[in-house]
Amino acid sequence: MTSNRLPIILIILAIVLVGLYSSIFVVNAREQAIVVRFGQIQSVKTEPGIYFKLPFGFMDADRVQLVEKQALRLDLDNIRVQVQDGQTFDVDAFVIYNIADVRRFRETVSGDREAAEARLRAQLDSSLRRVYGLRDYNAALSEERVAMMLEIRDDLRTDAENLGLHIDDVRIRRTDLSPEVAPNTYNAMRSERLAEAERIRAEGNEEGQRRRAIADRQVVELTAGAQRDAEILRGQGDAERNRVFAEVFSKDPAFFEFYRSMAAYSSALSSQDTTLVLSPNSEFFRYFDNAAGTLQPTNPAAPVPAVPGAAVPAAPAQPTN
């Protein structure tokens with residue numbers, strides 16, 4: 001009797017174990033779970049752990065749908081946009097987002113990530129075209145690019161919230177001129193830069209001439225001032241010299257005459273080529289052979305002092321008997 005019941009017990013135990021296993025589901029740290037019963041959201045599990053549901057999901061009862069919890073990335077490549085001045089760019093961008101509202105995500109796109117990204121991609125494309133279209137060529141390649149990314153992110157957030165998504169960041173990876181307009185744009189940029197270089201060069205030349213003129217004027221002014229100061233100092237020196245000479249002359253006229261005569265001898269007789277035709281008893285030679293400066297009486301027979309370079313007159317001839 002007991003042996004006949006054992007298979008039945010084992011079968012019942014197996015059914016219980018299978019039912020228990022099918023009613024348990026596990027949510028890890030990178031996932032969120034939506035429990036759907038007869039097409040309606042029964043519960044949302046956002047924390048990791050072990051949870052229970054109706055077993056087997058018979059007749060659409062208690063099915064579990066798992067969705068990502070970590071940050072996700074959506075890339076958008078080779079989008080052609082046009083700026084205000086008619087130039088076109090090829091733009092690559094990407095969006096970092098996460099599924100913030102699982103219930104709304106299920107209600108709007110049935111929890112289908114591909115459907116949500118398709119709508120998000122269309123919104124990103126539209127926002128890129130709008131933001132680039134409001135700016136000129138230079139803005140897309142300048143520091144304003146950061147402000148453009150923030151503007152695109154803010155544009156996407158409102159629409160993304162309707163999908164249960166949260167936009168963390170938007171980045172523009174590449175902004176290149178389209179191949180059709182790149183040569184013309186580069187030529188235009190080159191012409192603009194050459195014109196700018198000519199303008200800067202002309203301004204530099206003008207500034208250089210102005211500075212040279214200022215420097216020349218300052219040189220003339222400094223030279224004139226230096227010459228004026230030199231003349232003043234020279235005049236002051238001459239006046240001081242004359243004062244000293246006058247003071248010395250007033251103290252000892254005889255010494256002053258002697259000193260001046262010695263200076264005249266040094267100046268007149270310094271060269272070997274100097275020739276003087278003078279009488280030895282002239283006023284000029286009064287100190288040459290006499291420190292007292294007294295003139296000697298004329299004596300034809302007296303020897304004539306030898307003066308270097310001086311031509312001494314010959315003695316008169318004696319009459320013959």
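This passage describes the overall make-up of a predicted protein model and then some of its helices, strands and single residues.

The tour begins with the whole chain. The protein chain contains six helices and eight strands. Read from the N terminus, its elements follow the order α-β-β-β-β-β-β-β-α-α-α-β-α-α. Of the 321 residues in the protein chain, 26% are buried. The surface that the protein chain exposes comes to about 21700 Å², and 56% of this area is supplied by carbon and sulfur atoms. Contacts can also be sorted by how far apart the partners lie in sequence. Among the contacts between residues at least 6 apart in sequence, 62% join residues at least 24 apart.

Helix 3 is a good place to look more closely. Helix 3 has 21 residues, which should span 30 Å at 1.5 Å a residue, and the computed distance between its end C-alpha atoms, 30 Å, agrees with that. The buried residues of helix 3 are A116, E117, L120, Q123, L124, D125, S127, L128, V131 and Y132. It helps here to recall a general point about helices. An α-helix has 3.6 residues a turn, so residues three or four places apart point the same way. The buried residues of helix 3 pack against several elements, namely strand 6, strand 7 (88-99), helix 2, helix 4 and strand 8.

One of these partners, helix 4, can be described in some detail. Two packed helices are described by the angle between their axes and the distance between the axes. For helix 3 (residues 113-133) and helix 4 (residues 144-162), the angle is about 140 degrees and the axes are 9 Å apart. Their crossing is right-handed. On the side of helix 3, the contact is made by L120, Q123, L124, S127, L128, R130, V131 and Y132, while helix 4 contributes M148, E151, I152, D155, L156, D159 and A160. Sorted by kind, the residues of this contact comprise nine nonpolar, two polar and four charged.

Strand 6 brings the view back to helix 3 from another side. L76 belongs to strand 6, which covers residues 72-82. Because its relative accessible area is 5%, under the 20% limit, L76 counts as buried. Leaving aside residues up to four places away in sequence, L76 touches V91, D92, A93, R121, L124, D125 and L128. Two of these names, L124 and L128, also appear in the contact of helix 3 with helix 4. L76 also offers an example of residues far apart along the chain: R173 is 97 residues away from L76 in that sense, yet their C-alpha atoms are separated by 9.7 Å.

N78 sits in strand 6 too. N78 has a phi near 55 degrees, a positive value in a residue other than glycine. Is N78 buried or exposed? With a relative accessibility of 57%, N78 counts as exposed. A positive phi is also found at S110, where the angle is about 60 degrees although the residue is not a glycine. S110 lies in the loop between helix 2 (102-109) and helix 3. Its relative accessible area is 46%, so S110 is partly exposed.

Strand 8 and helix 6 complete the picture. L177 is part of strand 8, residues 165-177. L177 is buried because its relative accessibility is 14%. The C-alpha atoms of L177 and Q87 are separated by 7.8 Å, although the two residues are 90 residues apart along the chain. Helix 6 (residues 253-268) has 16 residues, and the distance from its first C-alpha to its last is 22 Å, close to the 22 Å expected at 1.5 Å a residue. The buried residues in helix 6 are F256, S261 and Y265.

Note on methods: Residues are numbered from 1 along each chain as its sequence is written. This is a predicted model: local features need pLDDT of at least 70, side-chain atom pairs count only at pLDDT 80 or more; totals for chains, interfaces and linings use all residues. Side-chain values use heavy atoms; hydrogens and water are left out. Helices (H or I, at least four residues) and strands (E, at least two) are DSSP runs, numbered from the N terminus. The expected span of a helix is 1.5 Å times one less than its number of residues. Buried means under 20% relative accessible area, exposed over 50%, partly exposed in between (1.4 Å probe, protein chains only). Axes are lines fitted to C-alpha atoms, for helices over the stretch in contact, and angles run from 0 to 180 degrees between N-to-C directions. A crossing is left-handed if the near helix is turned anticlockwise from the far one by less than a right angle, and right-handed if clockwise. Contact means heavy atoms within 4.5 Å. Ala, Val, Leu, Ile, Met, Phe, Trp, Tyr, Cys and Pro count as nonpolar, Asp, Glu, Lys and Arg as charged, and the others, Gly among them, as polar. Accessible areas come from the Shrake-Rupley method with a 1.4 Å probe; for residues, only the protein chains shown count as cover.
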